[in-house]
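Let us take a walk through a protein structure together, one feature at a time. Keep the model in view and look for each residue as we come to it.

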Amino acid sequence: QVQLVESGGGLVQAGDSLRLSCRTSPHTFSAYAMGWFRQAPGKEREIVAGISVSGVSTFYADSVKGRFTISRDNAENLVYLQMNSLKPEDTAVYYCAARRGSYVGNFSYWGQGTQVTVSS
């Protein structure tokens, strides 16, 4: 069982930055691709970014390219989402997720989510 715990959300103004963190179960982290998803009120959950097991390969949704950066620290069992130039439309609950193997496909494990609110 993979356990994921997100942190780092909050209320910020447009243009500000936030860094989300996700801590995972130590004995499984290095075997899993990781992803960040978000869900805004009244909208479907969408993928924001994904990162491969090694960290070499990444994926970003078009809406966040150039503003968000996903990274991972396999030694510390952490995955990060650095969010810069935040916009009101980035407001959502952000979820960390894990998937064995590639980050392409359905994710198996999910955190509880952390709220990000961007005011204009």
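Before we start, keep in mind that this is a predicted model.

A good place to begin is a sheet. Strands of a sheet pair through backbone hydrogen bonds, either parallel or antiparallel. Here you can find an open sheet of four strands, and if you cross the sheet from one side to the other you meet β1, β3, β8 and β7, paired in the antiparallel sense. Which strands stand at the edges? They are β1, covering residues 4-7, and β7, covering residues 68-73. Each of these two has a single partner strand, so one side of each is left without a neighbour in the sheet. If you look along the sheet, neighbouring strands are turned against each other by 15° on average, with direction ignored.

Now stay with the edge strand β7. Its partner is β8, residues 78-83, and the two pair in the antiparallel sense over six bridges. One place to see this pairing is R72, whose bridge partner in β8 is V79. The strand β7 also has two faces: F68, I70 and R72 make up the covered one, while T69, S71 and D73 make up the uncovered one.

Let us pick S71 from that uncovered face. What does S71 touch, once its neighbours within four places in sequence are left aside? The contacts are I51, L78, V79 and Y80. With a relative accessibility of 32%, S71 counts as partly exposed. You can also look across to G50, which is 21 residues away from S71 along the chain; the C-alpha atoms of the two are separated by 8.9 Å.

Next, follow the chain out of β7 and into β8. These two strands form a hairpin with four residues between them. In the turn you will find N77, which has a positive phi of about 60° although N77 is not a glycine. Is N77 buried or exposed? Its relative accessibility is 13%, and the cut-off for buried is under 20%, so N77 counts as buried. A second residue other than glycine with a positive phi is S85, where the value is near 50°. You will find S85 in the loop between β8 and β9. At 40% relative accessibility, S85 counts as partly exposed.

It is time to look for a covalent link between separate parts of the chain. The structure has one disulfide, and it joins C22 to C96 with a distance of 2.1 Å from S to S. C22 lies in strand β3, residues 18-24, and C96 lies in strand β9, so the disulfide ties together parts that are 74 residues apart in sequence. Both cysteines, C22 and C96, are buried. Which hand does this disulfide have? The torsion about the S-S bond of C22 and C96 is about -80°, so the disulfide is left-handed.

Our last stop is the aromatic rings. A pair of aromatic rings is described by the distance of the centres and the angle of the planes. A search of the whole structure finds four such aromatic pairs. One of them is formed by Y32 and Y109, with 5.9 Å from centre to centre and 70° between the planes, an edge-to-face arrangement. This pair links distant parts of the chain, for Y32 belongs to strand β4 (residues 32-39) and Y109 to strand β10 (residues 109-110), 77 residues apart. Y32 counts as buried at 7% relative accessibility, whereas Y109 is partly exposed at 22%.

Another edge-to-face pair is made by F37 and F107, where the centres are 5.1 Å apart and the planes are at 75°. This pair, too, links distant parts of the chain: F37 is in strand β4 and F107 is in the loop between β9 (92-100) and β10, 70 residues apart. Both F37 and F107 are buried. Ring pairs also bring in W110, giving a cluster of F37, F107 and W110. Finally, look at what sits over the ring of W110: the charged end of R45, 3.8 Å from the ring centre.

Technical notes: Residues are numbered from 1 along each chain as its sequence is written. This is a predicted model: local features need pLDDT of at least 70, side-chain atom pairs count only at pLDDT 80 or more; totals for chains, interfaces and linings use all residues. Side-chain values use heavy atoms; hydrogens and water are left out. Rings of Phe, Tyr and Trp (its six-membered ring) pair if their centres lie within 6.5 Å; planes under 30 degrees apart count as stacked, over 60 as edge-to-face and the rest as tilted. Buried means under 20% relative accessible area, exposed over 50%, partly exposed in between (1.4 Å probe, protein chains only). A charge sits over a ring if NZ of Lys or CZ of Arg is within 6 Å of the ring centre and within 35 degrees of the ring normal. Two strands pair if DSSP finds at least two bridges between them. Axes are lines fitted to C-alpha atoms, for helices over the stretch in contact, and angles run from 0 to 180 degrees between N-to-C directions. Contact means heavy atoms within 4.5 Å. A disulfide is a pair of cysteine sulfur atoms within 2.5 Å.
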